[in-house]
Amino acid sequence: MERILKTTDDGSKTLYVSSLDETYHSNHGAFQEAKHVFIKNGLNRVEKQEINILELGFGTGLNVLVTLFDFFEKESSYQVNYYSLEKYPLSAQEALSLEHDRLFNHSEISRLFPVIHEMPWEQLKEVSPNFNLKKIEADFFDLDKIDMPKIDLVYFDCFGAKVQPDLWEEPLIKKVADKMGEGGLLTTYSSKGSLQRILKNLNFEVEKLEGPKGKREMINAWKR
């Protein structure tokens, strides 16, 4: 899979996949999108002292970094267990070329940026005290075969339905729902009507929120 380095509108970098004609992040700004969708309208809405996060998919690791940054800013006031699936992992060299650590101006993020990309897959490892990460190389549709605790927060960050429509249909959404605990939150940049209907059919309470720059709306969905 050929991946080409691109710079988005907020100065942060992303990767363009020529075979899909799709980027890993919004061209309007990779950094601002991650913070808006997954931190402001995700992590900051979960009120638990121990949070189990499921991410689909790991990609460039930017969502891990914004989660770590929020964790440090709150002075480690909670425990994070972060499980991230990725079918087509980047090499460490590709990931480090994105220079995502420079977005934060934070010494611990700079130190941990290479660590999260060089750490082994399939092992739950302590990245920082009270912050554990497990990278899992797997197809999203094998989620039901993967052992993990009940999930409190899902970062649904798949490629768009335009290029991978099957990732936004009920079979995968049902597998995700089955991994979630009652009251769990799924957050995603999408606001597709078909996705909202699927989530409601699976007993989620769906909220439409202001989207990140370049998108009018996004979705939060609470499992009931």
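Let's start with strand 5, which runs over residues 79–86 and is mostly covered: eight of its eight residues are buried. Please keep in mind that this is a predicted model.

Which way do the residues of strand 5 point? Gln79, Asn81, Tyr83 and Leu85 point one way, while Val80, Tyr82, Ser84 and Glu86 point the other way. Whichever way you look from strand 5, then, these residues are buried.

Now for the neighbours of this strand. Strand 4, residues 50–56, pairs with strand 5 in the parallel sense, over seven bridges. If you'd like a place to find that pairing on the screen, go to Glu55: its bridge partner in strand 5 is Ser84. You've met Ser84 already, in the group with Val80, Tyr82 and Glu86.

Strand 5 also pairs with strand 7, residues 131–137, again in the parallel sense and over seven bridges. Here, look for Asn81, which stands opposite Asn132 in strand 7.

Let's move on to the helices. Helix 1 covers residues 30–40 and helix 2 covers residues 62–73. Their axes come within 10 Å and cross at roughly 65°, and the crossing is right-handed. Who makes the contact? From helix 1 we have Ala30, Phe31, Ala34, Lys35, Phe38 and Ile39. From helix 2 come Leu62, Asn63, Val66, Thr67 and Asp70. Sorted by class, this contact has seven nonpolar, two polar and two charged residues.

So that's our tour: a buried strand 5, paired with strand 4 and with strand 7, and then helix 1 crossing helix 2. Thanks, everyone!

Notes. Residues numbered from 1 in each chain as written. Predicted model: local features only at pLDDT ≥ 70, side-chain atom pairs only at ≥ 80, totals over all residues. Heavy atoms only, no water. Buried < 20%, exposed > 50% of the residue type's maximum accessible area, 1.4 Å probe, protein only. Helix = DSSP H or I, 4+ residues; strand = E, 2+ residues; numbered from the N terminus. Pairing = 2+ DSSP bridges. Axes fitted to C-alpha atoms, helices over the stretch in contact; angles between N-to-C directions. Left-handed = near helix turned anticlockwise from the far one by under 90°. Contact = heavy atoms within 4.5 Å. Nonpolar A, V, L, I, M, F, W, Y, C, P; charged D, E, K, R; others polar.
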